[in-house]
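Please open the model in your viewer and keep the sequence panel beside it. The tour below moves from one selection to the next and says what is there at each stop.

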Amino acid sequence: MIIVTGGAGFIGSNIVHALNLRGEKNILIVDNLGKGDKFKNLCGLKFVDYMHRDEFLKNITDDEYIWDEDIDAVFHEGACSDTMERDADYIMKVNFEFSKALLEFCISEEIKFIYASSASVYGDGQNGFSEKEECERALNAYALSKLTFDRYVRKVLTDYSDSEFFEPLVVGLRYFNVYGAQERHKGRMASIFYQMYKQVKETGVIKLFKGTDGYEDGEQRRDFISVDDVVKVNLWAFDEDITSGIYNCGTGQAHTYNEAARAVIDAIGTGKIQYIDFPAELQGKYQSFTQADTRNLIRAGYEGGFSDFNDAVKSYCRFLDDSGQF
């Protein structure tokens, strides 16, 4: 069996879909569907069981498992991903405490644990985007929750480093700016590409922020990565016997928001750009530049490469034109 937490979410459902394409159906999905449309992400997927996050947590902490099969791996994609969430206690409970319990379960059962971290841990990026403590600076509660768990993982791996009998199989992937299929339910947290697509279809105008942090209008730069590439990195970590640790999951190439907007306009065949004032509530909490340092990922053996930027955006827009759902 393979367990995917957040399996009804954006990246989790893409991982399940990719596993399905490999013929894998013996999958347990763990999630919290809530009252929105996230359940629709499950409709095109094949899996044998579903469990609410709280029930699953009780199972693994009380050693009362409802399954009797060996577990090959846990893909831990479940999280509160709202970077604007102000309830820090809630974020830490969902993103840190739950992750800790799941890590301890995987270590005790000797299960490979592949989890989603975030490039938000690098803050304004002034110290670079390498997987080093000196580069890390959380700007909001979401980033803090991810960074706190990354540091907990580092401590656990260090504690086991001198063990002659067992080394945990733990791979953390720091996602940069992910976009692609199955993100329709995310609302304001959906990628800029989904937001741009909707804006062009509804109004013909893409709205970008005016200049900030020394950048000209729309010239803020992000390392945008297709969810297809994120899935490819996850499956590589699943397939290969790589060194446990935390790795950046980005393309290593930043693009401006202007480039992103033009890619969407070109893909749709219409649209124009308009610049709006930078929101006051994002001051000091916004990453104007991100670009993954991918050297550790490459050294670990990843050879899958990354999609061409314009081709990936065009493919995503076609997907949204068709149905926007698996």
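Is Arg 22 buried, partly exposed or exposed? At 43% relative accessibility, Arg 22 counts as partly exposed, where buried means under 20% relative accessible area, exposed means over 50%, and partly exposed lies in between, with a 1.4 Å probe and protein chains only.

Before going further, note that this is a predicted model, in which local features need pLDDT of at least 70 and side-chain atom pairs count only at pLDDT 80 or more, while totals for chains, interfaces and linings use all residues. Residues are numbered from 1 along each chain as its sequence is written, and side-chain values use heavy atoms, with hydrogens and water left out.

**First stop: from Arg 22 to helix H6**

Keep Arg 22 selected and add Asp 239, because these two form a salt bridge, that is, a side-chain nitrogen of Lys or Arg within 4 Å of a carboxyl oxygen of Asp or Glu. The closest N and O atoms of Asp 239 and Arg 22 are 2.5 Å apart. This pair links distant parts of the chain, since Asp 239 belongs to helix H6 and Arg 22 to the loop between helix H1 (10-21) and strand E2 (27-31), 217 residues apart. Helices (H or I, at least four residues) and strands (E, at least two) are DSSP runs, numbered from the N terminus. Like its partner, Asp 239 is partly exposed, with a relative accessible area of 41%.

Now select residues 227-239, which make up helix H6. Its 13 residues reach 18 Å from the first C-alpha to the last, close to the 18 Å expected at 1.5 Å a residue, the expected span being 1.5 Å times one less than the number of residues. Helix H6 is mostly covered, with ten of its 13 residues buried; among them are Val 227, Asp 229, Asn 234, Trp 236 and Phe 238.

**Second stop: two further salt bridges**

The structure holds 17 salt bridges, and two more of them are worth showing as sticks. Select Arg 188 and Asp 82, whose closest N and O atoms are 2.7 Å apart in a salt bridge. Arg 188 lies in the loop between E7 and H5 and Asp 82 in the loop between E4 and H3, so the pair ties together parts that are 106 residues apart in sequence. Arg 188 is exposed, with a relative accessible area of 58%, whereas Asp 82 counts as buried at 17%.

Next select Arg 174 and Glu 136, which form a salt bridge with closest N and O atoms 2.8 Å apart. Arg 174 lies in strand E6 (residues 170-175), and Glu 136 lies in the loop between strand E5 (112-118) and helix H4 (141-160), so this pair ties together parts that are 38 residues apart in sequence. Both partners are buried, Arg 174 at 0% relative accessibility and Glu 136 at 9%. Extend the selection to Asp 150, Arg 151 and Arg 154, and you will have the whole network that salt bridges with shared partners make of these residues together with Glu 136 and Arg 174.

**Third stop: two residues with positive phi**

Most residues other than glycine have a negative phi. Select Gln 182, which has a positive phi of about 80° although it is not a glycine, and which lies in the loop between strand E7 (177-179) and helix H5 (192-203). Gln 182 is buried, with a relative accessible area of 1%. Then select Asp 213, another residue that is not a glycine but has a positive phi, here of about 55°. Asp 213 lies in the loop between strand E8 (205-209) and strand E9 (221-222), and at 53% relative accessibility it counts as exposed.

**Last stop: two C-alpha pairs**

Select Ala 88, which lies in helix H3 (residues 88-109) and counts as partly exposed at 36% relative accessibility. The C-alpha atoms of Ala 88 and Tyr 142 are separated by 7.7 Å, although the two are 54 residues apart along the chain. Finally, go to Gly 252, in the loop between strand E11 (245-249) and strand E12 (255-256). Gly 252 counts as partly exposed at 24% relative accessibility, and its C-alpha atom is separated by 9.9 Å from that of Arg 222, 30 residues apart from it along the chain.
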